[in-house]
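Here are my notes from going through the model you sent over. Have it open beside you while you read.

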Amino acid sequence: MNLDIRTEEKDHRNILYVGGEIDAYTASQLREALLPLTEKDGTNVIVDLSGVDYIDSTGLGIFIGALKSSNSNNTTLKLIGLNSRVKRLFSITGLDEVMDIDEEREEAK
Amino acid sequence: MSDKAKDYIEMKLPAKAEYVGVVRLTVSGVANRVGYSYDDIEDLKIAVAEACTNVVDHAYKQNGLMALGCSIYKDKIEIVVSDNGQSFNFDDLKKGLGPVDGTKPIGELEEGGLGLFLINSLMDKVEINRESGVAIVMTKFLQRDEVEQDANGVPAPTNAQKQ
């Protein structure tokens, strides 16, 4: 049970495509892929979560960590493609108030 | 209404992160069998996974077990996740329970502590028992209003399907 993680660099943006279930076991894979991206000065990091059908507090914690890192490293972090279940957890926990979240996928625009 | 559980399911697993998904799948299967809606099943999965993650992270210094117990009633399911480890300081865990405070500077946001808050938000009733180790008892009521079921618990066909 692993996460499916793929990165893509285009137009000064780093897009991280994530697929699978983000839980206590898989969260470290997400952290290892995401944190280094947020530390590169001036980068815009976009995380596409359209392949994610489950997330719990461990996963939300990774995004809080990534947000703090991007905030102190002069990068931006944006989450896209959240399904209604995943979006709901960000709303319940109030994280949608502090994070840049866009439900639409990049291609849909 | 009788207060006796119709069925009881129990399972013990190593308290390791890789088994949290197994508990989640089990609860999903049981809740589906009982007749919970898709959204309720997803809520149950998250709440149970949060309880298991607490056991994995806090209960044992070395290896130990986490136990799952599901009592199925006519109108509700009661799920107990327990350990028999060092009784970790639950009060510390409960501190700062609540959603993320959007008015705080980003640098001060906490990365942990959302688990118990989520359990409380997603379940109808949550109790904590600390007699030996920690047991968290979570209840979710069954709403049977969307789909009528026949005596075997099979959803009745909708009008569209009958035609």
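The points below take the two chains in turn, then where they meet, then a few single residues.

1. One thing to keep in mind throughout: this is a predicted model. Every value below was computed from it.

2. Let's start with the layout of chain A. Its secondary structure comes to 3 helices and 5 strands, and reading along the sequence you get β-β-α-β-α-β-α-β. The C-alpha trace spans about 30 × 30 × 30 Å along the principal axes. The radius of gyration fits with a compact globule: for 109 residues one would expect a value near 13 Å, and chain A has 13 Å, so the two agree.

3. What about the inside and outside of chain A? Of its 109 residues, 51% count as buried. The accessible surface is about 4800 Å², with 40% of that belonging to carbon and sulfur atoms. Counting contacts with a separation of 6 or more, 65% are between residues 24 or more positions apart. On charge, there are 12 positive and 20 negative ones in chain A, and their mean positions are 2 Å apart.

4. Chain B has 163 residues, 45% of them buried. It carries 5 helices and 5 strands, in the order β-α-α-β-β-α-α-β-β-α. Its accessible surface comes to about 9300 Å², and carbon and sulfur atoms make up 46% of this. For contacts with a separation of 6 or more in chain B, residues 24 or more positions apart account for 65%.

5. Have a look at helix 4 of chain B, residues 115–122. Why call this helix largely enclosed by the rest of the structure? Because 6 of its 8 residues are buried. Those buried residues are G115(B), L116(B), F117(B), L118(B), I119(B) and L122(B).

6. Now the interface. As a reminder, the size of an interface is often given as the accessible area lost when the parts come together. Here chain A and chain B bury about 2300 Å² between them, 63% of it on carbon and sulfur atoms. On the chain A side, Y54(A), K68(A) and R85(A) lose the most area to chain B, together 26% of what that side buries. The contact draws on 26 residues from chain A and 27 residues from chain B.

7. R24(B) is worth clicking on. This arginine sits in helix 1 of chain B, which covers residues 20–34. Is R24(B) buried or exposed? With a relative accessible area of 1%, R24(B) is buried. Leaving out residues up to four places away in sequence, R24(B) touches E21(A), D23(A), Y54(A) and D56(A) in chain A, plus K45(B) and A49(B) in chain B. Y54(A) is also one of the residues that lose the most area to chain B.

8. T53(B) also touches chain A. You'll find T53(B) in helix 2 of chain B, residues 38–58. It has 6% relative accessibility, so it counts as buried. Not counting residues up to four places away in sequence, T53(B) touches A24(A) and T58(A) across the interface, and V20(B) in chain B.

9. Back in chain A, L3(A) lies in the segment before strand 1 (4–10). At 9% relative accessibility, L3(A) is buried. Which residues does L3(A) contact, leaving aside neighbours within four places in sequence? They are V18(A), G19(A), G20(A), E21(A), I22(A), T26(A), Q29(A) and L30(A). From L3(A) to Y25(A), 22 residues along the chain, the C-alpha atoms are separated by 9.7 Å.

10. Last, two asparagines in the loop between helix 2 and strand 4 of chain A. N73(A) is in that loop and is partly exposed, at 25% relative accessibility. Beyond its neighbours within four places in sequence, N73(A) is in contact with T38(A), E39(A), D41(A) and G42(A). N73(A) and T93(A), 20 residues apart in sequence, are 25 Å apart in space, C-alpha to C-alpha.

11. N74(A) shares the loop between helix 2 (57–72) and strand 4 (76–80). Its relative accessible area is 55%, so N74(A) counts as exposed. Check its backbone too: most residues other than glycine have a negative phi. N74(A) is not a glycine, yet its phi is positive, about 60 degrees.

Definitions and conventions. Residues are numbered from 1 along each chain as its sequence is written. Chains are lettered from A and ligands numbered from 1 in the order in which they are written. This is a predicted model: local features need pLDDT of at least 70, side-chain atom pairs count only at pLDDT 80 or more; totals for chains, interfaces and linings use all residues. Side-chain values use heavy atoms; hydrogens and water are left out. Buried means under 20% relative accessible area, exposed over 50%, partly exposed in between (1.4 Å probe, protein chains only). Helices (H or I, at least four residues) and strands (E, at least two) are DSSP runs, numbered from the N terminus. The radius of gyration is taken over C-alpha atoms; the globule rule is 2.2 Å times the number of residues to the power 0.38. Contact means heavy atoms within 4.5 Å. Accessible areas come from the Shrake-Rupley method with a 1.4 Å probe; for residues, only the protein chains shown count as cover. Lys and Arg count as positive and Asp and Glu as negative; His and the chain ends are not counted. The place of a charge is taken as NZ of Lys, CZ of Arg, CG of Asp or CD of Glu. Buried area is the accessible area (1.4 Å probe) that two parts lose on being put together, summed over both.
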